[in-house]
Every structure is written in structure tokens, then in C-alpha cells.
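Grab a pencil and work through these exercises with the model open beside you. Try each task before you read its solution.

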Amino acid sequence: MTTAFDPWADDTPVDGASGEATDTDLLAIEFDDPLKAQEALLASMRLHKRRTIRIEDAAIVTKDERGKIRIHQTKDVNTGQGAATGGWFGVLAGLLFMAPLVGAVLGAAVGGIWAKLRDIGISDSQMKSMGEDLAEGDAALFVLLEVLAPTNLFRELRRFDGTILFTTMDDDLRGGVAEALAELV
């Protein structure tokens, strides 16, 4: 069984705190090409690793030429993954009670329902709604983050040609991000 790459696997508290919740903002940047959004996601992961930002969740939303919105999650468990995991746990539980097939079926059902109801991080419905505003063929990178070193973030954003689609950042951060995106280097 192959495991997926998880860029947040070594996620330790950046400030040395006990892992308490910190202030996070949602930043959505629109790009005219899905590949640019993917490149910006990779750059964001590098910034996370360098402790410039702390990412809680990220996703790319695309709108194809037919107007179909697709959400490409980085962390959420989809229904199929939940059902598969639940099925394995169900088999193990079923072995204890001498009914592995029943356990597998019940486990898969519970795992699938759990994954469907669980939406951590950025709201899928919010991303889908904002994705409707994208032009056909465009993409948006959604990042739920805490900015730890704004100057380094702005420097990295200068490499990208995008516009802010939505953000919950304060005016100073919002202005710095908008300015950096406008200064394509």
C-alpha cells in the first residue's frame, strides 16, 4: 500500500508553544493557469518548512472549459479513503467477534459516512462558491495560514502573477500580498 506525501507530517508548533490554536487567515489567490496555482502551492509548502508561514490547510480549485468546479484537497479524507480505512478497522473488529465480513461492511459504511461529514480546514462549500467566480480555465489557491515572517512571504509572492480572490487578512497584510503579486519579478 502506497502512502500519500504529507507536507505537514512534521508539523510541530512554530513558536515553541504547546500547540494552542493561533490566529489564522484564509488567503485565496486566483491564477490564469492551474499549473501556476500548483507552483504557488509548492512554494507555500517551502515557506511552511522554512517557518515563514504555518499552513493549516490548502487546496486548489479549478474551473474547466465547461464550467465544472473541481476542488483538489491536500489534507481532507475523501469518502472512498474513509470507507477503505473503516473497512480495514471493521475486519479487525469483526475478527474479534468471529464476523469479519459483517465488520468490514459496517466499518466501510461508518468510515465513508465519517469522511463525508468531516470537512476540516477550509470549507468545501465556500471554495466551491468562490470557484464559480473564476473564469473558465482559471484556478485559485486557497491557503489557511498564519503569517510568521511577512517580508519573506512578500518576497516569495513576487514570483507569481496572481490576484487576491478573497482574504481574511488585516489591511496591512492584504496590502503587502496584493503589492507583491502585482510586482512580477
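**Exercise 1.** Where is the place of R51, and is R51 buried or exposed, or something in between?

*Solution.* Start with the neighbours: R51 sits in the loop between α1 (34-49) and β2 (53-63). Helices (H or I, at least four residues) and strands (E, at least two) are DSSP runs, numbered from the N terminus. Next, check the cover: R51 has a relative accessible area of 35%, so R51 is partly exposed. Buried means under 20% relative accessible area, exposed over 50%, and partly exposed lies in between (1.4 Å probe, protein chains only). Last, look at the backbone: phi of R51 is near 65°, a positive value in a residue other than glycine. Most residues other than glycine have a negative phi.

A word on the source: this is a predicted model, where local features need pLDDT of at least 70, side-chain atom pairs count only at pLDDT 80 or more, and totals for chains, interfaces and linings use all residues. Residues are numbered from 1 along each chain as its sequence is written, and side-chain values use heavy atoms, with hydrogens and water left out.

**Exercise 2.** Which elements does the chain have, and in what order do they run from the N terminus on?

*Solution.* Count them: you should get six helices and five strands. Then walk along the chain, and you'll read β-α-β-β-α-α-α-β-α-β-α.

**Exercise 3.** In which helix is K128 found, and what is its relative accessible area?

*Solution.* Find helix α4 (residues 124-131), which holds K128. Its relative accessible area is 43%, so K128 is partly exposed.
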